[in-house]
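Student: May I request a close look at a single part of this structure? I would be grateful for one connected explanation.

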Amino acid sequence: MQSFDVVIAGGGMVGLALACGLQGSGLRIAIVEEHPPTKPFGVNDEYALRVSAINAASERLLTHLGVWQDILAMRASPYQGMEVWDRDSFGRIEFNAAENGLTHLGHIIENHVIRQVLWQRAENLPDVMIFTPSSLKNVAWGENEAFITLSDGRMLTSRLVIGADGAHSWLRQHADIPLTFWDYEHHALVATIRTEQPHEGVARQVFHGDGILAFLPLPDPHLCSIVWSQPAESAQQRKSMGSTLFNRQLSATFDMRLGQCELVSDRQTIPLTGRYARNFAAHRLALLGDAAHTIHPLAGQGVNLGFMDVAELIGELSRLNQQGKDIGQYLYLGRYERRRKHSAAVMLAGMQGFRQLFDGNNPAKKLLRGIGLTLADHLPGMKPQLLRHAMGLNDLPDWLIAQTASVEKI
């Protein structure tokens, strides 16, 4: 039986980021992951279908973890502008990095690129041990530690167990933590698209009555990753229809903004469900990322919300350990839970309200959407606040703000 301070269930982006962030804190960390990266990433590989819009807050965390430059060296696409419009009304809003004294607003990065860099980092850390391929088979919650049995028969003990095992978290279910969830009744169709006109480093999103279509710029100036949120039946039809008809419908829905569009990859559909765990922590347990919450992808904030869970938990566990506190006591995990439940609730409510406002062709809704977007685009002081929110700068934990400020001062 091996003993650790923190055992992380799940070696995805969020679980790996936490492990890397706890290196040097004096804690012994284990990661348990069933599916390790299958093959090394190559810069000439086809673009993966699953990408994330990494905002400035997540960039600061990944820089602190020492992996940001490695991610950029592999493959990432900075975007300098954002455009959002409603196809059925006059409303639109634009953001520009240069106008706000910035070099970029964020980066579009393939999920497996982020994960591979974090995995390689974690493998080389002296305080981190990775158990793979393996998964949790059983956890017994003791007073002073948790007793863990792995699928390969090995046994571990830990002062704290972290649920970073995704939306269908085994740990969350095993701990009997209730889950509030709702079906968005949409599926996201994802694919890679070649556009007639260059994307010019701008992320674009159009609302079109029964759906939301986002074009996310990739490093090739004529390639975009699309995320097309639409009713499940429409998504399945468009997944299986011929590429010629699909290209025509896609180009028309996007208002021909980048000219003719051409499908250059497979198509994949993902059911969209909102989730919110009743508790983000319990005795000897903390949840983060999709295990605690999932949101609609219309603002691309899912992974960023998870990375801010990581940032908050890094600060809390490091502080508790320095003070000699028991890191697994629910009492001491309360501050993490309160802060992250609040951030997730605000994000979930905002996305739900936004989606309902832009859903359907009701004339009153159309007028309200048009007025709302126009006011947001022109009212003094409104756009900087919206941009700051989109970049995640209102959600940074205190320790990361302080560290960033000291680095910028140097």
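Tutor: The following account concerns the salt bridges, with a closing look at the helix that holds one of them.

The model is predicted, and it holds 13 salt bridges. Let us begin with Asp5, which forms a salt bridge with Arg28; the closest N and O atoms of the two are 3.1 Å apart. Asp5 belongs to strand β1 (residues 2-9), whereas Arg28 is in the loop between α1 (13-22) and β2 (29-32), so this pair ties together parts that are 23 residues apart in sequence. The two partners can also be described by their accessibility. Asp5 has a relative accessibility of 5% and counts as buried, because buried means under 20%. Arg28, at 43%, counts as partly exposed. Asp5 and Arg28 are also joined with Arg159 into one network, through salt bridges that share partners.

A second salt bridge brings together the side chains of Glu83 and Arg257, at 3.3 Å from N to O. This pair links distant parts of the chain, 174 residues apart: Glu83 is in strand β5 (residues 81-86), and Arg257 is in the loop between α7 (243-253) and β16 (261-263). Glu83 is buried, with a relative accessible area of 14%, while Arg257 counts as partly exposed at 25% relative accessibility.

The next example lies within one helix. The side chains of Arg319 and Glu316 meet in a salt bridge, with a distance of 2.8 Å from N to O. Both residues are in helix α8; being 3 residues apart there, they are separated by about one helical turn. Arg319 is partly exposed, with a relative accessible area of 26%, and Glu316 counts as buried at 3% relative accessibility.

Helix α8 itself covers residues 302-322. At 1.5 Å a residue, its 21 residues should span 30 Å, and its end C-alpha atoms are 31 Å apart, which agrees with that expectation. Of these 21 residues, 17 are buried, so α8 is largely enclosed by the rest of the structure. Just after α8 comes Gly324, which takes a positive phi of about 75 degrees.

One further point concerns cysteines. A search of the whole structure finds 0 disulfides. The sulfur of Cys224 is 7.9 Å from the closest cysteine sulfur, that of Cys261, which is too far for a bond. Cys224 counts as buried at 0% relative accessibility, and Cys261 is buried as well, with a relative accessible area of 4%.

Terms used:
Residues are numbered from 1 along each chain as its sequence is written. This is a predicted model: local features need pLDDT of at least 70, side-chain atom pairs count only at pLDDT 80 or more; totals for chains, interfaces and linings use all residues. Side-chain values use heavy atoms; hydrogens and water are left out. A disulfide is a pair of cysteine sulfur atoms within 2.5 Å. Buried means under 20% relative accessible area, exposed over 50%, partly exposed in between (1.4 Å probe, protein chains only). Helices (H or I, at least four residues) and strands (E, at least two) are DSSP runs, numbered from the N terminus. The expected span of a helix is 1.5 Å times one less than its number of residues. A salt bridge is a side-chain nitrogen of Lys or Arg within 4 Å of a carboxyl oxygen of Asp or Glu.
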